[in-house]
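Hi,

Here is the structure I said I would pass on. Have a look at it first, and my notes follow underneath.

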Amino acid sequence: MDAYLLLENGAEFHGCFIGPEKELISEIVFNTSMSGYLELVTDPSYTGQAVVLSYPLIGNYGVCREDMESERPLLSALLVRELAELESNWRSEGNLRDFLIRYDIPGISGLDTRAVIKQLREHGTMNGLISGRHYEGEEREALLRRIRDYRVRDAVRRAGRKEISEYPPSGDGGMWTAERPRFRVALFDFGAKQNMIRSLQKRGCHVTLYPPATRAESILRFAPDGILLSNGPGDPAEERELIGEVRRLYESEIPIFAICLGHQLMALAVGAKTYRLKYGHRGGNQPVKDIESGRVYISSQNHGYAVDAKSMNPEIAAELFRNVNDGSNEGFRYLRKRILSVQFHPEACPGPGDSAFLFDRFMDMMEAGHER
Amino acid sequence: MRDKSIRKVLVIGSGPIVIGQAAEFDYAGTQACRSLREEGVEVVLLNSNPATIMTDREIADHVYIEPLCTEVVEKLIERERPDSILPTLGGQAGLNLAVALSESGFLESHSVRLIGTTELTIRKAEDRLLFKETMERIGEPVAPSRIVRSVSEGLLAAEEIGYPVVLRPAYTLGGSGGGIAQEREQCREILENGLRLSRVHEVLVEQSIAGWKEIEYELMRDSAGNAVSICNMENLDPVGVHTGDSIVCAPSQTLSDREYQLLRSSALRIVTELGITGGCNVQFALDPESFRYFVIEVNPRVSRSSALASKATGYPIARVSAKLALGYTLDEIRNEVTGVGYASFEPALDYCVVKMPRLPFDKFRTAEHLLGTQMKATGEVMAIAQCFEAGLMKAIRSLEQHLSGLRSHDYSALDEYELGELLLRVDERRIFVCAEAIRRGMKLERIHELTGIDLWFLGKLRRLTEMEGRLLGEELSGELLLEAKRLGFPDSVIAELCGKSEGEILEMRRKLGILASFQMVDTCAAEFSAKTPYYYSVYGSQDEAGREGREQAGKKKVLILGSGPIRIGQGIEFDYCSVHCSFAFSGEGWETIIVNNNPETVSTDFDISDRLYFEPLCPEDLRNIVELEKPDAAVVQFGGQTAISLTGALREMGVSILGTSPEDVDRAEDRELFDEILEKNGIRRPEGRSVRTMEEAKHAASELGYPVLVRPSYVLGGQGMRIAISDSDLEEYILAIDESAKEHPILIDKYVRGKELEVDAVYDGSEILIPGIMEHIERSGIHSGDSISVYPPRGLRPLARKRLLEATEKLARALCVRGLINIQFIAREDEIYVIEVNPRSSRTVPYLSKVTGIPIVSIAARILCGHSLHEQGYRPGLFPETGYYAVKMPVFSFEKLRGADIALGPEMKSTGECLGIAKDFHEALYKAFRGAGVQLPKHKNMVITVRDEDKEEILPIAGRFAALGYRIFATRGSWKALRKGGIDCHMVRKLEQESPNILDLVLGHELDLIIDTPGDGAGASRDGFEIRRNAVETGVYVLTAIDTARALAEALESRIEELSLVDIASF
């Protein structure tokens, strides 16, 4: 069945529907990872976005459910060049087509993905319409206005989990058990990827996950050893309430590790500014430089907004990481606080785990908290 | 930060091209040298291979084409006083030399340091035990193994490790004596044989992981500890086939992100632990049923895989490696491809790369075709496409083996059982067999069980066979046609399957707008706008290469065809010529466009041409480029036979060909037309006939009288050329001539014995420049590419020389040559005979350019641009000799090809060459032998077994070896002759006789050399074959031509004590 992608600038691309044949408007973003499509599809940060994959052969190794980064996909559509007819991997439990159908996520294959990505690169992130119809004339003009006006709403609330949940240390957490965890970590969930939880569990932490609607007091009341502010979708500056809650967490003495949206909210909470990147950083090959050590790490990234490092009060935080490609901010070390924040994804999945040591640094921060 | 104390660096190349060490090191070395000089470093280059670009004076400040041995490097260091050595760009050969000098303390005492990678790092990666320990320390698994010295020890080890086990005898070549044992008895058998073959009587017993997925990672690490993975690659063939012989794709296709990152992280831990600075390659075996993996191998240097990874991603690994060696860190080196960002990133691909090996079985029909852990390919092709299917189809046709798709090898006559048997055979045709099995409806799971090939790849083959079926059975709709093109089907195959003509398909495509478009290799999957115009073709996507009139104003465009995969007969020399052609045209203000598909070469580097198309060198693929680029002209005379054979196709597309016209090229090939020219100019040639049938052939031979030389016309490298001594010989040869060659006539010549000579010349239409004359040591009958070649000739009579020069000029004029011409002559006393004329570049051009200092290709290219020799400042005629002798020695890879007959003849067999250069002829000869790896005497034992015709001639040669202190063994006939001639020697029994016989002598590991001249004709010396094979596999030097033996005796007699060094950049 024919499918069309109409971008807000009027560029149109043709392909075939995979999965449900739906018409919808969405923000269109692209990702350059060459593997990890399932992690990507189930990453809650894509809530309300349709993702174009630059790698042309998708679905090769099927669906391995244990690789899912959340319970269900939240992206609005998946746009690919070619979907595998035959998948092959020892862990595969099915194919990507059936997976998308099961969760009612539309997709397009046979799309000239490189051409779409070049449009996004030149014009910046755009909205688009996914449809089984090709529109013309007046109808098309009216549609284009609607497409341009579209905004993702309530993304964080949709991406985060609905209830408080508990995750004890995992089997590979060594000497630490559910009764005697190494640390108790509060995870403020704005759409957290599963591997953040796993990364803490396997380091012996007991994780208590708080939904996005949680008030800071509720978290502080339980006096966790540390707080993790998760990734999540949307424009951080619009999340005024959340920024307020994060400010209260900032004012506590509890060690905080903030990732992606969490990093942006923390920066906003102390008065810094965020801005929209032209077309975002999404992929598994983004180099970030540790300004203090000079070391460069390849990181997994998925963000459309960034913190303007110049807007950060130097009395409050020092820039810790910077993107080697475009010099944008990738992390802060907060002064006189045990707070560390990064724009990229040390939990990887998909992508390289080169910066997973940051979770160990978080452990050290909590250790130091205990010693005090 | 740049280490300013590094001012003068010695770069060691990899020596002659052999199987397993090919053009990729010229590519890496050239890129590295340019990268170093950009930084103001003075570069001293050492490489024994004269056909390389790296040994050009434009590439390095000081160029030494000398044997790669420690004494040469030591002398060179004393003379040039470099402060550093960059050891990681010259393959294993360069690395080993650097380590040897470091270990001996020589480097330290001369204040020279290894840059890039330390000796300890190299040892940790290369020393089997140290490597194992290192891996164990960081928890990286290696397959359990043990070295054993007896059968009982071996059986015990196998029990402990668990069957199946792989057995590898130490110090045997070509994997001989090794194998996989499934159980005890088989293990005993292999052990017994393997221990005997091993010089040190050692066999490695290792757990077999055959059938696992083979995955490679290419990494870069800098001295600050930053490390990135440039590319990963997945082999279609599971572990068990050398990666150089496997079909490989990039990036990996069947790994989930967890598996991808598991191995990536492991690879990064390994390079970090080893302390690599520069490029590194890590190979893994991954269990297809779990997360278990083993580290197979680590190469702490650039390698064939890194050349492939560079071309597959656009990331210039060698260039960056060189900068890292100077102390820069990855985040300080600009990404030259995109012009955005730095070298500290990982390329993202938005296409699929497929590499296929080019195997030499067309040249070695007797060689075993089975693929195993010993690499056999001489070269490779790479294809870039949007899907695996199209990549595979492009790669298949790039091989230039007359293959157009999966139906090109026909297995339709086989029954199910035979097909099943063939699927178990691991050879270069396995995917074609798989395709046939799929066509017959064999379940993919079953094929997977038999072959171990992942279902994903088999599914891709199925898609291709399904498309064949649809094209056969359905009406050709536009949709079907587009789908077929997307899957990489060439028009010729579509036409054949649909029962239409190629022209009809093209017309239909034009009408429907199903045309190729080109996309850019940009290292970043379109995330950034890239600058480098490096393209591949696709169907059904937007074009990125078209310029819609935005041409570079006033610049003419020239299309330069490359030479495709490296194979015997068409080696790196032609890449050398293509690259220099591009440089010369650039210099003349032209825009250069290169088309090639060989990832190992310099010509496919991103900054050699203005635009690079990585495409098959086939008419249809070329047409796509021509229609887009509309070049003003094309050049074909530098790309070897590949380019020449595309001349007609280019003309049909309306592209004008610069240089000698195609008609004149034809005149040189066509027997009758050529005879006319010769007659008109009073030039003689061995009498001959051009025939088309067996009857004509026999008739011609009887008229000329045996022996005769038989060969198909239109070949390079003497493919299919034979000496026939009887009608039955003739019959056998003509039947065996390659199918593809049959459309052209067969040439039968009287075989004239004499001194073989060769010239390369440049002609501008009125004047000729002859840079030099070369003489072949071996008499005619042995292919010129396999002969030792000497510049300048010795003992050429003045009258013969005069006639030769005149004939060269007359031929160039008569053939209306513009640019290069290569002519081979036979001189017999004062008379000269022409045996072959090639109005194009030859394999001697690079070597002759270097020893004479004349940039032959540049001069020829400038002639094509319209500048006469006079304008270029060259005087016509023979260029004055330089006062140096240069001896070009062929180098063979026989030990890698089990079953290949090593006897030399009219068909070329060498894979590469090295050069010896000195003021004194004997020293040059000695150096050439040394460069080819011949270091004698050792044990001073030798065997002589020669054919009857040579028994007279061998006497003085045997006498010279005896005088050198050699103990001579001979088989009965030769023994008799030698004794009669007064030479002291021992008789040794023939192979078929009881032990101890000649084989025991060979396997005694105390033999220096064998002189074995097999008789002419196909039936000759079948048991000599066995002996030669065993000798080669145990490292004994075997000579099969009497002239080579004489030259060796001469070289050894000269007892060169100290080698002189010649900086050819100072000529």
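Start with B:Arg221: its bridge partner in S11(B) is B:Ala227. That pair belongs to the ladder between strand S10 (residues 213-221) and strand S11 (residues 227-235) of chain B, an antiparallel pairing with seven bridges. Before you read too much into any of this, keep in mind that the model is predicted.

Both strands sit inside an open, antiparallel sheet of seven strands in chain B, ordered S14-S13-S10-S11-S12-S15-S16. At its edges are strand S14 (293-299) and strand S16 (379-385) of chain B, each of which pairs on one side only. From one strand to the next, the twist averages 25°. There is also a helix to look at here: H10 (residues 304-313) of chain B lies across S10, S11, S12 (248-250), S13 (278-286), S15 (352-358) and S16 of chain B, and runs at about 100° to S11(B).

Further along the chain there is another open sheet, this one with four strands in the order S24-S27-S25-S26 (chain B), again with antiparallel pairing. Its edge strands are S24 (688-691) and S26 (722-724) of chain B, and each of them pairs on one side only. The twist here averages 25° from one strand to the next. S24(B) is joined by four bridges to strand S27 (residues 746-750) of chain B, and the two run antiparallel. One of the bridge pairs to click on is B:Ser690, whose partner in S27(B) is B:Leu747. A helix lies across this sheet as well: H26 (residues 694-704) of chain B covers S24, S25 (708-712), S26 and S27 of chain B, at about 15° to S27(B).

Then there is strand S34 (residues 885-891) of chain B. How many of its seven residues are buried? Seven of the seven, so to speak a mostly covered strand. B:Tyr885, B:Val887, B:Met889 and B:Val891 point one way from S34(B), while B:Ala886, B:Lys888 and B:Pro890 point the other way; all are buried, B:Lys888 included. As for neighbours, S34(B) pairs antiparallel with strand S30 (residues 789-791) of chain B over three bridges, and B:Val790 has B:Val887 as its bridge partner in S34(B). Seven bridges also join S34(B) to strand S35 (residues 912-918) of chain B, again antiparallel. In that ladder, B:Tyr885 is partnered by B:Ala918 of S35(B).

Now the overall picture. Chain B has 37 helices and 40 strands. Its C-alpha trace spans about 75 × 70 × 70 Å along the principal axes. For 1067 residues, a compact globule would have a radius of gyration near 31 Å, so the 28 Å of chain B agrees with that. Of those 1067 residues, 59% count as buried. If you take the contacts in chain B between residues at least 6 apart in sequence, 71% join residues at least 24 apart.

Last, the contact with chain A: 45 residues of chain B touch 42 residues of chain A. On the chain B side, helix H9 (257-274) and helix H16 (455-473) each supply at least two residues, and H9(B) gives the largest share, six residues. By class, that side of chain B has 20 nonpolar, 15 polar and 10 charged residues.

Cheers

Key
Residues are numbered from 1 along each chain as its sequence is written. Chains are lettered from A and ligands numbered from 1 in the order in which they are written. This is a predicted model: local features need pLDDT of at least 70, side-chain atom pairs count only at pLDDT 80 or more; totals for chains, interfaces and linings use all residues. Two strands pair if DSSP finds at least two bridges between them. Axes are lines fitted to C-alpha atoms, for helices over the stretch in contact, and angles run from 0 to 180 degrees between N-to-C directions. Two residues are in contact if their C-beta atoms, placed from the backbone, lie within 7 Å. A residue is buried if 20 or more other C-beta atoms lie within 10 Å of its own, exposed if 12 or fewer, and partly exposed in between; C-beta atoms are placed from the backbone. The radius of gyration is taken over C-alpha atoms; the globule rule is 2.2 Å times the number of residues to the power 0.38. Ala, Val, Leu, Ile, Met, Phe, Trp, Tyr, Cys and Pro count as nonpolar, Asp, Glu, Lys and Arg as charged, and the others, Gly among them, as polar.
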